[in-house]
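Take a moment with the model below before reading on. The paragraphs that follow lead through it step by step.

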Amino acid sequence: MTTADHPDRAVADPIGLITDLIADIERELDPDTIRAVATTVAGGRAKSRRLAQALAGRPPF
């Protein structure tokens, strides 16, 4: 999944995109936990958007 696959999602739902990207790689983690951590770490809307774009632009492991 890349930002090209979901060009507006990093802006419209950055925490959801972050959660989905991490859950795709770390399948044993609970999505609610991922969401809680992402919300805490990403801070405000602009920071979460940048994080979502950065994660979406990276190839999976």
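Start with a charged pair. Asp20 forms a salt bridge with Arg9, and their closest N and O atoms are 2.7 Å apart. Arg9 lies in helix 1 (residues 9-12) and Asp20 in helix 2, so the pair ties together parts that are 11 residues apart in sequence. Side chains of opposite charge can pair when their charged atoms come close. Keep in mind that this is a predicted model.

Arg9 has another partner. Its side chain also meets that of Asp13 in a salt bridge, at 3.5 Å from N to O. Arg9, Asp13 and Asp20 are thus linked in a network of salt bridges. The count of salt bridges comes to 2. How exposed are the members of the network? Arg9 counts as partly exposed, because its relative accessibility is 22% and the partly exposed range runs from 20% to 50%. Asp13 is also partly exposed, at 31% relative accessibility. Asp20 counts as partly exposed, with a relative accessibility of 31%.

Now step back to the whole chain. Its secondary structure comes to 4 helices and 0 strands. From the N terminus on, the elements run α-α-α-α. The chain has 61 residues, and buried residues make up 25% of them. Its accessible surface comes to about 4100 Å². Carbon and sulfur atoms account for 57% of that surface. Contacts also reach along the sequence. Take those between residues at least 6 apart: 62% of them join residues at least 24 apart.

Next, follow helix 3. This helix covers residues 31-42, which is 12 residues. At 1.5 Å a residue, helix 3 should span 16 Å. Its end C-alpha atoms are 16 Å apart, so the model agrees with the expected span. Which residues of helix 3 are buried? They include Ile34, Ala38 and Ala42. Seen down the axis of helix 3, the buried residues fall within an arc of 45 degrees, so they line one face of the helix. What do they pack against? Their partners are helix 2 (14-25) and helix 4 (45-57). On the other side of helix 3, Asp32 and Thr40 are exposed. After helix 3 comes Gly43, whose phi is positive, near 70 degrees.

Helix 2 offers a closer look at the packing. Ile15 is found in this helix. Is Ile15 buried or exposed? Ile15 is buried, because its relative accessible area is 15% and the cut-off for buried is under 20%. Leaving aside neighbours within four places in sequence, Ile15 is in contact with Arg35, Ala38, Thr39, Ala42 and Ser48. Two of these names, Ala38 and Ala42, appeared above among the buried residues of helix 3. Ser48 is 33 residues away from Ile15 along the chain. Yet the C-alpha atoms of Ile15 and Ser48 are separated by 6.6 Å.

Finish on the outside. Which residues make a nonpolar surface patch? Val37, Val41 and Leu51 do, and the patch is about 230 Å². The place of Leu51 is in helix 4. Leu51 is partly exposed, with a relative accessible area of 30%.

Go back to the model with these places in view. Find the network of Arg9, Asp13 and Asp20. Then find the buried face of helix 3, with Ile34, Ala38 and Ala42. Last, find the patch made by Val37, Val41 and Leu51.

Notes:
Residues are numbered from 1 along each chain as its sequence is written. This is a predicted model: local features need pLDDT of at least 70, side-chain atom pairs count only at pLDDT 80 or more; totals for chains, interfaces and linings use all residues. Side-chain values use heavy atoms; hydrogens and water are left out. Helices (H or I, at least four residues) and strands (E, at least two) are DSSP runs, numbered from the N terminus. The expected span of a helix is 1.5 Å times one less than its number of residues. Buried means under 20% relative accessible area, exposed over 50%, partly exposed in between (1.4 Å probe, protein chains only). The arc is that of the directions from the helix axis to the C-beta atoms. Contact means heavy atoms within 4.5 Å. Patches are made of residues with over 30% relative accessible area and no salt bridge: like charges are joined within 9 Å, nonpolar side chains (Val, Leu, Ile, Met, Phe, Trp, Tyr) within 5 Å. Accessible areas come from the Shrake-Rupley method with a 1.4 Å probe; for residues, only the protein chains shown count as cover. A salt bridge is a side-chain nitrogen of Lys or Arg within 4 Å of a carboxyl oxygen of Asp or Glu.
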